[in-house]
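Visitor: Please take one part of this structure and examine it closely. I should then be grateful for an account of the other parts, set out in connected form.

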Amino acid sequence: MSAQLAQAENKTTENLHAGVPTLTAKQSPLVQSLLANKEKLLQAVQVLPEGHIHVVLPQQMKQNIAEMRQIFGEYGIEPRIFVSHKPSKSNALIKQARAENTGLDVSSKNELISALKNGFSGQNICCTGSKNDDYITLSIQHGCLHSVDSIEELERYIKACEKIAPQEKRNVLLRINSADAPYGGKISRFGIPMCDLEACYNLLKENPNVNLDGFHMHSGESDGDLRAEELDFLLTLFKDAYEQGFSPKTIDVGGSLLKNIYEKIEECEAFVDHLSDALKNNKETYTWRRYGYSIAAGNQNRVSGREGLMGFFKLDDYGPCVKKMMNVQTLYSRTSHQTLLECVFTLALEPGVSAYDQCGIILFKIVDTRFNNKGEHMTVLDGNVFNLSFNITEQMADPVLLTEDEDASETFSTYLVGNLCTDFDIMVKRKVVLKGKPKAGDYLCFINTAGYTADFHDAPVHQHPMGQKIVAISAQDGWRFMSEDRFNPYLIEEGSIL
Amino acid sequence: MIYNSVIDMIGQTPMLKIPADVHGLKHIDVYAKLEYMNPYGSVKDRIAYGLMKDHVEEMKNTGKKPVIVSNANTAKAVSGISHYLGLQPYIVSNKMPYKEVRNQLKFLGAEIEELPALTQCPNPFDPNDMIQYAERMVNQSPDKFHLIDQFGDSNNPKIHFETTGKEIYDDLGDVDYFFAVLGTSGTTLGAGNYLREKNPQTKVFGVITETGHNAPGGRSKSEMWEVGIFNPDHYDEIIAGTKQQATAGMRELNSKCGVMCGPTGGLGYHRMLEKLREIDKGLNGEKRHKAVFIACDRMEPYMDYVQKACPEMFEEKPSNQLRVQTLPSDKVQNAPSVDAEGLMQMFESDTKPLVVDTRGAFGYSIGHIQGSINIQDTFLEQMLDNGKPFPQNQPIVFACMRGDVSTRFAAFAREQGYEAYSLSCGVGAFVQFYDAKKAVA
Ligand SMILES: Cc1ncc(COP(=O)(O)O)c(C=O)c1O
Ligand SMILES: Cc1ncc(COP(=O)(O)O)c(C=O)c1O
């Protein structure tokens, strides 16, 4: 760094950082405890090959699954949980899910193989998503529950069953397009349109070896009232199906049981307010190149799109949503949970966010820090936007600085840029606020990422390495670290590693 | 009073004085401006006609359609008025969650374009922002459409200045406190300015909803950003409220004053009273103060809203507690029961039992114990409470899903002299047991 810039930095530190909105990530007690032991964590990381590191916390998944069972248990419901595989490539977390006796929701042939490899039997695997012939074949060979996305897929599936398992029964769920629900679901390109349902019934009637085990809907909706109406709608489909002579049992309501991932809703609101005001009145946005997320300042003084961004900041975890889902009035003036119990229907879930919540963090090493030509402070990381979040979920929260400096308490705001040779490689499109001044060799830790989404996109662009995974276990004698291969959930009991 | 046209009936709405024993304020009189008395049912009639009136002839001559971005009162008013004036209303809206609303608008002759809702990802390029979409549509085909822009057109507050504000002043003279829920903010801006012009001391309060709450027609702080004419500096204070407060306000207005207003009226009233109680304490009684709030529309379309905000209000409670429900728990616990094996034996004996399945009809229709009858628990309680519905000379076995509900009925029926039992394992387990036995045999 040039001497002038260094001087400039010291001089302007105060006004550089004043007024930059913070977005603190929520940390579970387990994550807090891990970060409180940062020396041990950083030591463990030292021995790993270069690149960013996914620290996964299988014990967190154990807690998450227990919590989910408890929340539904309050209504007498024992859900059949198919943990969604796609958000994570961590074997350790999949092994942990198996140890909790959940099922797995897979969305490709290789995810199906991963499920089998980690001990799931076909009956406990639900195959969803777009399916090529190999994926369908393997699903049939292992007798997986198969969620059918279109009438064309049902035709292919039936034909394949005739060849692969001609004498055997196979179970399918019909995934219904959520946009076709009467209450007005979101537009979706997934699922069977209601107008094709009759034809699906006819196909199934002609092919009794393929059994209609139930209905499936993953709308991505997290609002309790809408989810309740969705469940009510699915129950009416059950009634129709029974009247047509089928006897479906499984009602799969997908995932999107959301967890709040930010510490304070007030910070989120202040961030959105600041951004709106800055876009409208040409003030400093503290976002990269005035990026507005979903917000745009339009004609006649209007600022639109705030709701899209606010939708990311949830006030509640999913408990209240489940309450609404389970208490909605359905057929014959029974509540949904009564109907599920009395009809002996199985409520199936495909939790992604809620299962992986707080199950991992990602560490990036800081390569250097600098000012750009606009005088903006930038922190260059040994990793890139593909390793963190690309376009499915924006990474917005402030990461935590892991440094050995003792007096790292003053706030410092900076843009985080990656190691690619493209302009778009900005890791977080807002100026993040750190506790302490970052320097080369320190680590930045992103909360609540390794278990979810980040791993979803991780890609070796420029032949940079993909994330290295390491398992962190909270044991009686402190934190222990091991490779994913060595991790065996059955050998961990009440904090002791057997 | 005789009118020649329904258009003439817009405005001049009544002003109702809220009795002092209802609001309990010492030094302030409170008035409700009953905007729901407008012919199409809301305060929006004023701007619907007001923003159209100078363009009616042109639209008639050219066949242009009035376009409105709304799925609520403004849509209703524009549709109704257009239909009446021989124009073709065109509504742009997000997907309408309630079929009832959609059908009402169709009934009023509207063509409806519903924009699909996109995913939750923040999308800067959302092509379906309703207002932008409508603006684009009108810009592309100015010969086909005429945009009625309640969010951006400064005539919206102007109409409230000329009518709502003036009417309030004509009725009450100087007003000290003016409250209304903010939607487009036209009412508070226009009427507020009129009242302040007459009395610069008038305090204007805007009421919004807290994050995570709503009141149809009103907006949250976040949503106010989307309103071009909104000017936060206009207000002495902006106060936020909840769905529950809106409902409580509706309830009180309805029960104590006969005011049949919707959630925004209720919310405005509720937040107003809290604010006025604070102000009232500081007044010395030298002069009486006057406060006005707006009851924007009627309550009927909002029962779903009210139920979601306050579900406990709608819980079905029998007028008298039924005796079945008041059985002491020791009696319930000691009720005689049979397990699957026991019920099988009863079936094989001479006096066959009557099995009463207390589940809902759907569960029963999917699978039940052969020969059982279905009387859903809620009906059964009433039947047992009213008399002895079953023959006395036959054992009765009550069966539910898990053996919990049936125990209570068995205990009560015992008291009434029946030889009653509860099937402890529940219906599902019995059917399994029975099938297994049959399979073996
Ligand atoms: C079919 C299906 N099920 C479940 C999930 C997991 O959803 P979530 O992460 O919202 O819980 C997804 C995610 O995209 C999905 O597509
Ligand atoms: C029921 C209801 N209440 C309140 C309002 C708010 O009025 P304004 O748009 O004038 O702020 C509206 C209209 O938007 C409404 O429909």
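**A helix of chain B and its surroundings**

Guide: The cover over the buried residues of helix H10 of chain B includes strand E1 (15-18), helix H1 (20-23), strand E9 (237-241), helix H11 (263-281), strand E10 (289-295) and helix H12 (303-309), which belong to chain B as well. The model is a predicted one. The residues of H10(B) that are buried are Lys243(B), Gln245(B), Ala246(B), Thr247(B), Gly249(B), Met250(B), Leu253(B) and Cys257(B). A general property of helices is useful when reading such a list. An α-helix makes one turn in 3.6 residues, so residues three or four places apart point the same way.

The length of the helix can also be checked. H10(B) runs over residues 243-257, which is 15 residues, and at 1.5 Å a residue the expected span is therefore 21 Å. The C-alpha atoms at its two ends are 21 Å apart, in agreement with that expectation. Just after the helix comes Gly258(B), whose phi is positive, at about 70°.

One of the elements covering H10(B) is helix H11 (263-281), and the loop that joins H11 to E10 in chain B holds Leu283(B). With residues up to four places away in sequence set aside, Leu283(B) touches His27(B), Ile28(B), Tyr177(B) and His289(B). The C-alpha atom of Leu283(B) is 22 Å from that of Gly192(B), and 91 residues separate the two along the chain.

The next subject is ligand 2. Around this ligand there are 14 residues, and those that come nearest are Lys44(B), Thr184(B), Ser185(B), Thr187(B) and Thr264(B). Three of these names return when polar atoms are considered. In Thr184(B), a polar side-chain atom is 2.6 Å from an oxygen atom of the ligand. In Lys44(B), an N or O atom of the side chain is 2.7 Å from an oxygen atom of ligand 2. In Thr264(B), an N or O atom of the side chain is 2.7 Å from a nitrogen atom of ligand 2. The ligand taken alone exposes 380 Å², and the protein buries 96% of that area.

Lys44(B) leads on to another helix. Asn73(B) is in contact with Lys44(B), and also with Ser42(B), Asp297(B) and Tyr302(B), when neighbours within four places in sequence are left aside. Asn73(B) belongs to helix H4 of chain B, residues 73-85. Is Asn73(B) buried or exposed? Its relative accessible area is 16%, so Asn73(B) is buried, since the limit for that word is under 20%. From Asn73(B) to Asn214(B) the C-alpha distance is 15 Å, although the two positions lie 141 residues apart in the numbering of sequence separation.

For chain B as a whole, the domain assignment gives domain 1 (1-320) and domain 2 (328-440). The C-alpha centres of these two domains are 55 Å apart.

Chain A offers further examples. Its domain assignment gives domain 1 (3-57 + 358-497), domain 2 (59-258 + 317-355) and domain 3 (265-310). Between the C-alpha centres of domain 2 and domain 3 of chain A the distance is 38 Å.

Helix H4 of chain A can be checked in the manner used above. It has 16 residues, 58-73, so at 1.5 Å a residue it should span 22 Å, and its end C-alpha atoms are indeed 22 Å apart. Its buried residues include Pro58(A), Met61(A), Ile65(A), Met68(A) and Phe72(A).

Arg227(A) lies in helix H10 of chain A, residues 224-243. Its relative accessibility is 1%, and therefore Arg227(A) counts as buried. A polar atom of its side chain is 2.9 Å from the backbone oxygen of Gly255(A). Among the other residues in contact with Arg227(A) are Ser219(A), Glu221(A), Val253(A), Cys321(A) and Met325(A).

Two glutamines of chain A complete the account. Gln358(A) has a phi near 65°, a positive value in a residue other than glycine, and Gln463(A) has a positive phi near 60°. Gln358(A) is in the loop between helix H15 (353-356) and strand E14 (360-371), whereas Gln463(A) is in the loop between helix H16 (454-457) and strand E20 (468-475). Gln358(A) has a relative accessible area of 2% and is therefore buried. Gln463(A), at 77% relative accessibility, counts as exposed.

Terms used:
Residues are numbered from 1 along each chain as its sequence is written. Chains are lettered from A and ligands numbered from 1 in the order in which they are written. This is a predicted model: local features need pLDDT of at least 70, side-chain atom pairs count only at pLDDT 80 or more; totals for chains, interfaces and linings use all residues. Side-chain values use heavy atoms; hydrogens and water are left out. Helices (H or I, at least four residues) and strands (E, at least two) are DSSP runs, numbered from the N terminus. The expected span of a helix is 1.5 Å times one less than its number of residues. Buried means under 20% relative accessible area, exposed over 50%, partly exposed in between (1.4 Å probe, protein chains only). Contact means heavy atoms within 4.5 Å. Domain bounds come from an automatic or database domain assignment. A residue is near a molecule or strand if one of its heavy atoms lies within 4 Å of it. A polar contact is a pair of N or O atoms within 3.5 Å; within protein, one must be able to donate a hydrogen and the other to accept it, and residues adjacent in sequence count only if both atoms are side-chain atoms. Accessible areas come from the Shrake-Rupley method with a 1.4 Å probe; for residues, only the protein chains shown count as cover.
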